[in-house]
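Visitor: Hi, I've just opened this one and I'm new to it. Could you walk me through it?
Guide: Sure, let's take a look together.
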Amino acid sequence: MRMASPDLVRQPDRSLQAASASSVLARSIFSDVWAFPGRPLSSNTESDLDINVVRALMQPEGCGPSAFSHSPAIQPAGPRPDFTLAPPLRLAHAVSYLMRTLLRGILSAALALFLPCRLPAADSTLAGSGKATTNRYEFRAEHSRDGIGKFYMGREIAHVMGHLAADWLERPERDAEEHTETMVELLRVEPGTVVADIGAGTGYFARRLARKVGSGGKVLAVDIQPEMLTLLEKNMAAAGVTNVQTVLGTITDPKLPPRSVDLVLMVDVYHEFDHPYEMMQAIVTSLRPGGRVAFVEFRGEDPKVPIKELHKMTEAQVKKEMADLPLTWVETIRTLPRQNIIVFRKR
Ligand SMILES: C[S@@+](CC[C@H](N)C(=O)[O-])C[C@H]1O[C@@H](n2cnc3c(N)ncnc32)[C@H](O)[C@@H]1O
């Protein structure tokens, strides 16, 4: 059973806070200027007066409904507006209203232009990293309880599996369920090569890859949870494996040397990446020319695969998310019972 990580409580995203602050501010400004017909008339006496003046202008005494009256939003909550003002006073109110509206319009337009320059980019976690800070991600208040409320290309990013659930990765029935030994064979790992196992967890695959690359090769086992890397190191020592090197990555960077890796493997990991685009940019940089990257993901196309939806991915979604990167799709291996192996090569 896949578990959300109870131990990895996410701090509120600063970029999200900044974005909502600007949105609230912008909405409060614009609602005053543009959305007043939607406000309850009883909430603001000054605006009530404004609306009354407009009504007075548009709906002279004794005439039929005004141009707005079809909208229930502007039906006055209290008594009918007072249309008994003397005409010069009505004109003075109208002129004053129009002047204030014009002034608010100019002010809000100036603020709207100025604000985006002053607020940090929505992806502020990348500040100073030298990476692109474009708004690739969307945040939704309503989202799955299995996800973090952050969406990339229409897909919600799943919670990271916490180290407290590490035993699940080493369960004895795993090979019978996922054909893990076959999976490693299908990757066609060459002796003497460098393989990066990103999101290595307890090292279930790193151990098997270590045998394939042999003493002339190396496995770089990357994870963002130090506890996982501690477990992995213990497991390597117990198995007598010496050609696996652990690397503590970050949510945007696996911290691999550039142009050094022949194969990047991600088993049941990519859908958890907090910053999938930035991670993939760094992964491509770490690959040697012609190097491969293999995604092993539970099949999102198959409702019979007994894994939560957010922890699965379709082949089409993986391809869509790789389209912006200098990668060429090579093959999709669909012969495993539950997962697809989707392979790309660095261009
Ligand atoms: C479901 S476990 C899979 C572990 C391993 N691949 C396996 O199949 O046995 C996912 C792992 O990915 C790690 N992870 C999540 N996001 C990561 C990132 N951006 N960089 C490196 N590791 C990450 C998690 O900490 C967790 O250990």
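Visitor: Let's start at a random spot. Which residue in strand 11 is the bridge partner of Leu-327?
Guide: That's Lys-346. The two strands involved are strand 10, residues 327-333, and strand 11, residues 339-346, and they pair in the antiparallel sense over six bridges.

Visitor: How many residues are in the hairpin between strand 10 and strand 11?
Guide: Five residues join them. Keep in mind that this is a predicted model.

Visitor: OK, so what is the mean pLDDT of the chain?
Guide: The mean is 75, and 61% of the residues reach 70 or more. Over residues 1-85, though, the pLDDT is below 50, and that stretch has 82 contacts in the model beyond near neighbours in sequence. Residues 111-133 also stay under 50, with 31 contacts beyond four places in sequence.

Visitor: What should I do with those parts?
Guide: Where pLDDT is low, the predicted coordinates should not be read in detail.

Visitor: Fair enough. How many helices and strands does the chain have?
Guide: There are 10 helices and 11 strands. The chain has 347 residues, of which 29% count as buried. Looking at contacts between residues at least 6 apart in sequence, 68% join residues at least 24 apart.

Visitor: There's a ligand too. Which residues come nearest to the ligand?
Guide: Leu-169, Gly-199, Gly-201, Tyr-204 and Val-267 do, out of 23 residues around the ligand. By class, that shell has 16 nonpolar, four polar and three charged residues.

Visitor: Which elements supply at least two residues of that shell?
Guide: Helix 7, spanning 204-213, and strand 5, spanning 218-223, each do so.

Visitor: Tell me about helix 7. How many of its residues are buried?
Guide: Seven of its 10 residues are, so helix 7 is mostly covered. The buried ones are Tyr-204, Phe-205, Ala-206, Arg-207, Leu-209, Ala-210 and Val-213. Tyr-204 is also one of the residues that come nearest to the ligand. Just after the helix comes Gly-214, with a positive phi near 70 degrees.

Visitor: What is Ala-206 in contact with?
Guide: Setting aside its neighbours within four places in sequence, Ala-206 is in contact with Asp-197, Ala-200, Val-219, Ala-221, Leu-232 and Val-244. Ala-206 also belongs to the largest nonpolar core, which has 54 residues. Those with the most contacts inside that core are Val-195, Ala-206, Val-219, Val-264, Leu-265 and Met-266.

Visitor: Is there a general idea behind a core like that?
Guide: Yes: in soluble globular proteins, nonpolar side chains tend to be buried together.

Visitor: Switching to helix 9, which of its residues are buried?
Guide: Pro-276, Tyr-277, Glu-278, Met-279, Met-280, Ala-282, Ile-283 and Ser-286. That makes eight of the 11 residues in helix 9, which runs over 276-286. What covers them includes strand 2, strand 4, strand 7, strand 8 and helix 10.

Visitor: Why does Tyr-277 count as buried?
Guide: Because it has 20 other C-beta atoms within 10 Å, and 20 or more is the cut-off for buried. The C-alpha atom of Tyr-277 is 7.9 Å from that of Glu-321, although these residues are 44 apart along the chain.

Visitor: What does strand 2 pair with?
Guide: Strand 2 pairs with strand 1, residues 137-139, in the antiparallel sense over three bridges. Strand 2 also pairs with strand 3, residues 155-158, again antiparallel and over three bridges. Phe-151 takes part on both sides, standing opposite Glu-138 and opposite Glu-156 in strand 3.

Visitor: And which residue in the hairpin of strand 2 and strand 3 takes a positive phi?
Guide: Met-153 does, near 50 degrees, and that hairpin has two residues between the strands.

Visitor: Last thing. Where does Arg-188 lie, and is it buried or exposed?
Guide: Arg-188 lies in the loop between helix 6 and strand 4. It is exposed, with 11 other C-beta atoms within 10 Å. Its phi is positive, near 50 degrees, even though it is a residue other than glycine.

Visitor: What about Lys-255, buried or exposed?
Guide: Lys-255 counts as exposed, because it has 12 C-beta neighbours inside 10 Å. Its place is in the loop between strand 6 and strand 7, and its phi is positive too, about 55 degrees, although it is not a glycine.

How values were computed:
Residues numbered from 1 in each chain as written. Predicted model: local features only at pLDDT ≥ 70, side-chain atom pairs only at ≥ 80, totals over all residues. Near = placed C-beta within 6 Å. Helix = DSSP H or I, 4+ residues; strand = E, 2+ residues; numbered from the N terminus. Nonpolar A, V, L, I, M, F, W, Y, C, P; charged D, E, K, R; others polar. Contact = placed C-beta atoms within 7 Å. Core = buried A, V, L, I, M, F, W, Y, C linked by C-beta atoms within 7 Å. pLDDT = per-residue confidence, 0-100. Pairing = 2+ DSSP bridges.
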